[in-house]
Amino acid sequence: MSETSVVTNESATESTTNNEDAIVSYKNITKSFGDVEVLKGIDLDIKPAEKVALIGPSGSGKTTIIRMLMTLEQPTSGEIIVDGKNLWHMEKNGELVPATEKHLREVRGDIGMVFQHFNLFPHMTILENCMTAPIHVQKEDKASAKKRSIEMLEKVGLGDKLDNYPSQLSGGQKQRVAMARALVMRPKVMLFDEVTSALDPELVGEVLEVIRDIAKEGEMAMVLVTHEMEFALDIADRVIFLDNGVIAEQGPPSKVLENPDNERLQQFLHRFRG
Amino acid sequence: MTPKGQAPSTGGLTLSFNESNKYKGVITISAIADIFPALIQGVEVTLKVLFASIILGYSMAFIAGFCRLSNNIILRSFTGFYVEVFRGTSLIVQLFWLFYALPMLFNFDIGSNFWAGVLAISLNYGAYMSEIVRGSILSVAKGQHEASTALNMTRFQRMRLVILPQAVRMMLPEFGNYLILMLKSTSLVSLIGMHDILYQGDLLRDANLSQAPTVYLLVLVFYFLMALPLIWLTKKMEAFSKKGVATQ
């Protein structure tokens, strides 16, 4: 289906062990900001098409986990393997050295991300927001990129806003554009960073609706950092509870959210449900 | 034309500044017809210096602005030195250095007073405006960098497609102000013998001292008329820049 983002990687950065064909593997990842150790050794495999919800108190490192996969944050130690390729390191003269910008670009092409604050490009129309990257990054021809962008915007219910600028849209509409913009790149893994947190309560529903539709289509793996427990229960295959920089509990949503073992998780859920 | 300060029969307006005849100045409307064509001869030179300075000055601003954002510390410090030297010294002294001092010191010919003037103005304003370029690029929201990284753009694509178009919008209002300032500083080239508007005015005054008020009034009017389109342009740019910027 996708002729795009064909990653050529002649350097043999094939991962040593590849657990059950995971599309993304975190291997003993730690991350410190100054003296503060936010993540204290994360091991995590995400399978193709798997929907994973990351929950946990603020400061538990949920967002940092997905930001490292998008290359917006560099791990302090450990490795992240994406589709068999080492993300933050590359092989050079038989040694693993820190990745260059070029290497990062080759590996992260299969990852897409939607942000809490949308981060739409304010100087471009909605349509331009969507079609710019396929044209310039994936070298798709303009007509086809435009066609796909329009289809995607129609899918998220914004087919009548193509020539509007982001400033003319509501928060919920902006977030739907942001999703369309990420989706036209046809990522294999899509990251959602608290995408409803900045929205007015009455606009949350329309955004979750779109995510639910995307999730139903299947083929793409999704990692959602979220505070919407009901939503996580509804669409996730697996829920991961992060606490104090480690994975404190994980499993199917019915188990983790309805019948948790971890005491901290029980407290956390209790606070949430009031 | 109006000796001893008597109201001229031909002119409509006489302003007396001083009781003493020797320093009496007048603005004589009848003389405008003589002065106007003489000043017009200077307009071409003023405009030529202005346009060349605009092109070179803005180029300098972008080059220096980008250099100050470079990862290369040598490039960064060298550009920083240039900016501070040109911001910290007077334009007229820089002009004299370029036109008189440097050619003598290093025994070269700068070619013409035109290029000396243009170079001094563009290096000086380029230094100021490079700070605008740098500041505007830095003030584009971090989320814009992150979104373009998430779309897997190269560093160059991020700058060209996302950051710079927004940064330029922030630069425009300031750029407009400097445009008007540049027009006004072109009058300095009269000091290195270029025949611009002010030079033509000085010539007329030398020929007839009592005309000085009329001459300089008209010189003011000339500069103001030339500034009008630039003021209009600045307002347009301000309006344009209000749209489409994400800042933190």
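Reader: How do you know that strand β11 and β12 of chain A pair?

Author: Two strands pair if DSSP finds at least two bridges between them, and β11 (residues 238-243) of chain A is joined to β12(A) in the antiparallel sense over five bridges, so the condition is met. Residue A:F241, for instance, has A:E249 in β12(A) as its bridge partner. The strands themselves, like the helices, are DSSP runs (E over at least two residues for a strand, H or I over at least four for a helix), numbered from the N terminus. This is a predicted model, in which local features need pLDDT of at least 70 and side-chain atom pairs count only at pLDDT 80 or more, while totals for chains, interfaces and linings use all residues; side-chain values use heavy atoms, without hydrogens and water. Residues are numbered from 1 along each chain as its sequence is written, and chains are lettered from A and ligands numbered from 1 in the order in which they are written.

Reader: What makes β8 and β12 of chain A edge strands?

Author: Six strands of chain A form an open sheet with mixed pairing, in the order β8-β9-β10-β3-β11-β12, and β8 (111-114) and β12 (246-251) are its edges because each pairs on one side only. Neighbouring strands of this sheet are turned by 20° against each other on average, direction ignored.

Reader: Why are α6(B) and α8(B) called roughly antiparallel to each other?

Author: Helix α6 (residues 155-185) and helix α8 (residues 212-241) of chain B pack at about 175°, with their axes 8 Å apart. Angles run from 0 to 180 degrees between N-to-C directions, along axes fitted as lines to C-alpha atoms, for helices over the stretch in contact. Angles under 35 degrees count as roughly parallel, over 145 as roughly antiparallel, 65 to 115 as roughly perpendicular and the rest as oblique, and the pair is therefore roughly antiparallel. Among the residues that meet (contact being heavy atoms within 4.5 Å) are B:L172, B:F175 and B:L179 in α6(B), and B:Y223, B:M226 and B:L230 in α8(B).

Reader: How do you know that B:E146 forms a salt bridge with A:R67?

Author: A salt bridge is a side-chain nitrogen of Lys or Arg within 4 Å of a carboxyl oxygen of Asp or Glu, and here the closest N and O atoms are 2.7 Å apart, so this pair qualifies. B:E146 lies in helix α5 (residues 142-150) of chain B and A:R67 in helix α1 (residues 62-69) of chain A, so the pair joins two chains. These two residues are also linked with A:E73 and B:K142 in a network of salt bridges.

Reader: Are B:E146 and A:R67 buried or exposed?

Author: Buried means under 20% relative accessible area, exposed over 50%, and partly exposed in between (1.4 Å probe, protein chains only). B:E146 has 11% and is therefore buried, and A:R67, at 10%, counts as buried as well.

Reader: What makes the salt bridge of A:E101 and B:R158 a link between two chains?

Author: Their side chains meet at 3.4 Å, N to O, and A:E101 lies in helix α2 (residues 101-108) of chain A whereas B:R158 lies in helix α6 of chain B, so two chains are joined. A:E101 counts as partly exposed because its relative accessibility is 24%, while B:R158, at 12%, is buried.

Reader: Why are A:E140 and A:R148 described by the word they are given for accessibility?

Author: The two side chains meet in a salt bridge of 2.7 Å, N to O. A:E140 has a relative accessible area of 7% and so is buried, and A:R148, at 14%, therefore counts as buried too.
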